[in-house]
Amino acid sequence: LLRAPEQEARIRELLEGRGPGAWPEEFRAAVGTRAFARQLREVLARARQLSLDPESIASMATDAGDELFLAAAGFIEEYLTVADFDGTLDYAELVYRTRLLLTEQPVANGVLGSFDAVLLDDAHESDHAQVGLVGDLARLGLPVLATGDPHSRIGGYRGASATAMADLAALPGARLAHLGRGFRSRAAVAEALDALRLRLDQRNASGPLSPEHTGGSVTAMVY
């Protein structure tokens, strides 16, 4: 299983082998930089989070006339081919292939026979693929307990879904339990945070918590 630095090193090796000519002219100067490799790694991860394969990306890029993503689709295909020969996986690919395997009945039966339940903490930090995997397991018949705070989502930059909690709650047979008491902040802080929350895009978020502790103070400094 490739860690992020190892995956980035692999991407840089493949970029060097393909050369700048494989990319649209306006991006060729950036091909050899760390930033380009890092952003390409993010594209790889997001594509698998959305269950997209190179053919799907190429088709959408062609329809949109996007030469950069058309080139990226070719790169992703080469990356996956090399990984198969090398026997390596990155994390997003692991989740993607796990979901494919679960469509095979012998694999599904083996999972049901090996596990009693799925426990998911910090569910609000899940990306689309992770939510999909938990949903696949729930549809197999495994009980799922997912806990999370819809007011929090610090992992948005790496693909955490804004609708993760709502998507999990929409699974067949799901029951939603709201925990209404807040122990994290005092009353003044909780009130200030809730006023801010109402001005942000907090889709499917639950209502404000009742703070357990009174008092506190908030100072806002604007520069």
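1. Contacts across the sequence. In this predicted model, residues 24 or more positions apart account for 76% of the contacts in the protein chain that have a separation of 6 or more. Several of the points below give individual examples of pairs that are separated along the chain.

2. Secondary structure and overall form. The protein chain contains nine helices and four strands. Their order along the sequence is α-α-α-α-α-α-β-α-β-α-β-α-β. The radius of gyration of the protein chain is 22 Å, well over the 17 Å that the globule rule gives for 223 residues, so the chain is more spread out than a compact globule. The C-alpha trace spans about 65 × 55 × 35 Å along its principal axes.

3. Burial and surface. Of the 223 residues of the protein chain, 32% count as buried. The chain exposes about 14200 Å², and carbon and sulfur atoms supply 55% of that area.

4. Charges. The protein chain carries 22 positive and 31 negative charges, and the mean positions of the two sets are 6 Å apart. The count of salt bridges comes to 11. Three of these pairs are treated individually in the points that follow.

5. The pair Arg 3 and Glu 6. A salt bridge joins the side chains of Glu 6 and Arg 3, with an N to O distance of 3.3 Å. Glu 6 has a relative accessibility of 33% and therefore counts as partly exposed. Arg 3 has a relative accessible area of 57% and is exposed, because the cut-off for that class is over 50%.

6. The pair Arg 10 and Asp 86. Which parts of the chain does this salt bridge tie together? The closest N and O atoms of Arg 10 and Asp 86 are 2.6 Å apart. Arg 10 lies in helix H1 (residues 4–18) and Asp 86 in helix H4 (residues 67–86), so the pair ties together parts that are 76 residues apart in sequence. Arg 10, at 14% relative accessibility, counts as buried, because the cut-off for that class is under 20%. Asp 86, at 45%, counts as partly exposed.

7. Val 82 and helix H1. Val 82 also has its place in helix H4. Leaving aside neighbours within four places in sequence, Val 82 is in contact with Arg 10 and Leu 14. The C-alpha atoms of Val 82 and Arg 10 are separated by 9.6 Å, although the two residues are 72 residues apart along the chain. Val 82 counts as partly exposed, with 30% relative accessibility. Arg 10 thus appears both in the salt bridge with Asp 86 and among the contacts of Val 82.

8. The pair Asp 84 and Arg 97. The side chains of Asp 84 and Arg 97 form a salt bridge, at 2.8 Å from N to O. This pair links distant parts of the chain, with Asp 84 in helix H4 and Arg 97 in helix H5 (residues 91–101), 13 residues apart. Both residues count as partly exposed: Asp 84 at 46% relative accessibility and Arg 97 at 28%. Salt bridges that share partners join Arg 48, Asp 84, Glu 93 and Arg 97 into one network.

9. Glu 8. Is this acidic residue of helix H1 buried or exposed? Glu 8 has a relative accessible area of 10% and is buried. Residues up to four places away in sequence aside, Glu 8 touches Arg 34, Ala 37, Arg 38 and Arg 41.

10. Leu 140. This residue is in helix H7 (residues 128–140). With a relative accessible area of 25%, Leu 140 is partly exposed. The residues that Leu 140 touches are Leu 102, Ala 108 and Leu 112, when residues up to four places away in sequence are not counted. The C-alpha atoms of Leu 140 and Thr 103 are separated by 9.8 Å, and these two residues are 37 residues apart along the chain.

Conventions:
Residues numbered from 1 in each chain as written. Predicted model: local features only at pLDDT ≥ 70, side-chain atom pairs only at ≥ 80, totals over all residues. Heavy atoms only, no water. Helix = DSSP H or I, 4+ residues; strand = E, 2+ residues; numbered from the N terminus. Rg over C-alpha atoms; globule rule 2.2 N^0.38 Å. Buried < 20%, exposed > 50% of the residue type's maximum accessible area, 1.4 Å probe, protein only. Contact = heavy atoms within 4.5 Å. Areas by Shrake-Rupley, 256 points an atom, 1.4 Å probe, with all protein chains shown as cover. Lys, Arg positive; Asp, Glu negative; His and termini not counted. Charge placed at Lys NZ, Arg CZ, Asp CG, Glu CD. Salt bridge = Lys/Arg side-chain N within 4 Å of Asp/Glu carboxyl O.
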